[in-house]
Amino acid sequence: MARIELNGVNVTFSLRQTRRVTLKEYLLKGLFLTSVNPVVSIHAINDLTLTLREGERLGIIGHNGAGKTTLLKMLAGVYPPTSGTRVVEGKICSLFDISVGFEGEASGWDNITFRGYLQGETPTTLKGKRQEIADFSELGDFLNIPVRYYSAGMLVRLAFAIATATEPEVLLVDEVLSVGDLAFINKAKERMRQMMRKSSLMVLVSHDLDSVTEFCTRALWMEHGRVLMDGPPEEVVAAYRASIAPIVETPLSAVIPESVATPALVATE
Amino acid sequence: MLQQLTAVWTFRYFWFSLVKMDLVTRYRRSFLGIGWSLLQPLAMTAVLCVVFSKFNADEKNPNAWRTYAQNLLGAMAVWEFLRNTLLMGCKSFLQNEAYIRLSPLPYGIYPLRTVMGNSFHLLVTLSVLLLVVAVLGSVMIQPTIWAAAPAILMTMLFGWGIATIAAFATTYFHDVSHLIEVSAQAFFFLTPIIYGRELLDAKGLSWFVDLNPIYAFIEIVRDPLVRGVIPTWDRYAYAGGLTVASVGLGVGTIGWLQKRVIFQL
């Protein structure tokens, strides 16, 4: 039975302002109790309490730096809570930073193997999925060459194909729905729908507010590590939209001089 | 600790496939390929043998170089393993940062990747050593070869422990890796590798040699393979104690820092 329970969770990053402290500086400054490079605390998640039961699909929205990705990584177990308790039950599949964690000198096929094993697959379970992953990525013969020669789009295709080949109970998704070319985006969205149907619990972080209302049963609006609003996706998204200052529409002719305006511009006005 | 070991076992396919890939990549575009693993220790020993035999020429014993070559190759095999494990292992968290940020795997896997790769090269070098002993040696080693197996395992475990501690230290203070490089240079000359221990014994420094952790592992691995003798129980006890301490401290460091080290990456 998949379950997520967070109780009073805090995640705090302690960073040095200018640069890394060397061992010599640490020892000497420690002896004389002074610091020229003080620690800065960043309180990324602030006293968060959240319970998700089987069948729930949570969307998280908010400005950049609100703590959404940190929350997702904390749910995945990558960042341990600084305080509070975290309980996540069920097989976790994370879809974030999917274009990192490749072995550049290895071929696409070999990377399918590594990433598959990283996600907890065994040689037996992966054997049946390798061709399906290859077919979904549409990379064909490119799978035989080292991935260091791949373009960014090709890497994302491969990463997405591998990452979505598992059957998770808890699915954690961070901004992977805006990847690749248009044809692949449609394919990726359909794959996401299939995964969401198979998973028991899902947490989706997205700036695409339509995806949140389409895929989620509940939404969270985060700001500076705190939850501002928690409720039905339509209400939360509407409140979030309303909080952003409206952009005044300026006609293009006001910003593009007449001397360089083309007939096409005039036709659109 | 049991949870850590279970997790290492669960993800055995992942880290083992990375070890295989490291070995393939290391010699990918070279002419000899994996043959360098065979040629490198032989070439190294041949050069050192020629140079230092000239310095230590003994007219009464023209075949002294045969014994010297075997002892040198055996010592170099173990030294190279421990040195490379520590040097590469200390950077293992920094080099595997992408995986650490993707998935909460046990931290012991990353130094293990380094240890297993270097263990392959150690076994290749020791196989070459056996061939060299067969050609140059005059001592019966068949009855004692088996004793090298537990010694090699202890050396690997010791290597994992020190690599793990160094990996955490280097993540917090990057200059630790430079300290290790410099210390390795010093240790190479302080340890009886290119010279016999008799040189230090004659100066009343046997206690110094006996306390040297590197030499403890050199003795228990090399002597059964080259000299046809099984070291005394106290040497095994000392190496065993070092292994237990190293693994214990490694596991303890993981338990102490695993929830904090990601914030240092």
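A residue is called buried if 20 or more other C-beta atoms lie within 10 Å of its own, exposed if 12 or fewer do, and partly exposed in between, with C-beta atoms placed from the backbone. Helices (H or I, at least four residues) and strands (E, at least two) are DSSP runs numbered from the N terminus.

The model is predicted: local features need pLDDT of at least 70 and side-chain atom pairs count only at pLDDT 80 or more, while totals for chains, interfaces and linings use all residues. Residues are numbered from 1 along each chain as its sequence is written, and chains are lettered from A and ligands numbered from 1 in the order in which they are written.

**Exercise 1. Determine which residues of S6(A) lie on each side of the strand, and whether they are buried or exposed.**

Solution. Step 1: in a regular strand the side chains alternate between the two faces of the sheet. Step 2: on one side of S6(A) are A:Val170, A:Leu172 and A:Asp174, and on the other A:Leu171 and A:Val173; all are buried, and both faces are thus covered. Step 3: strand S6 (residues 170-174) of chain A is largely enclosed by the rest of the structure, because five of its five residues are buried.

**Exercise 2. Establish the strand order of the open six-stranded sheet in chain A.**

Solution. Step 1: two strands pair if DSSP finds at least two bridges between them. Step 2: the order is S5-S6-S7-S3-S8-S9 (chain A), and the pairing is mixed. Step 3: strand S5 (92-95) and strand S9 (226-231) of chain A are the edges, each pairing on one side only. Step 4: on average, neighbouring strands are turned by 15° against each other, direction ignored; the axes are lines fitted to C-alpha atoms, for helices over the stretch in contact, and angles run from 0 to 180 degrees between N-to-C directions.

**Exercise 3. Identify the bridges that join S6(A) to strand S7 (residues 201-205) of chain A and to S5(A).**

Solution. Step 1: S5(A) and S6(A) are parallel, with four bridges, and A:Ile92 stands opposite A:Val170. Step 2: S6(A) and S7(A) also run parallel, joined by five bridges, and A:Val173 has A:Leu204 as its bridge partner. Step 3: elsewhere in chain A, strand S3 (residues 57-62) and strand S8 (residues 218-223) pair in the parallel sense over five bridges, with A:Gly62 opposite A:Met222.

**Exercise 4. Locate A:Leu172 within the largest nonpolar core.**

Solution. Step 1: a nonpolar core is a set of buried Ala, Val, Leu, Ile, Met, Phe, Trp, Tyr and Cys residues joined through C-beta atoms within 7 Å. Step 2: the largest has 129 residues, and A:Leu172 is among those with the most contacts inside it, together with B:Val78, B:Ala166 and B:Phe217. Step 3: helix H8 (residues 148-172) of chain B gives the most to this core, with 13 residues. Step 4: two residues are in contact if their C-beta atoms, placed from the backbone, lie within 7 Å. Not counting residues up to four places away in sequence, A:Leu172 touches residues including A:Leu72, A:Ile92 and A:Val203.

**Exercise 5. Describe the contact between the chains from the side of chain A.**

Solution. Step 1: chain A contributes 25 residues and chain B 20 residues. Step 2: strand S1 (3-16), helix H1 (23-32) and helix H3 (108-118) of chain A are the elements giving two or more residues to the side that touches chain B. Step 3: H3(A) gives the most, with five residues.
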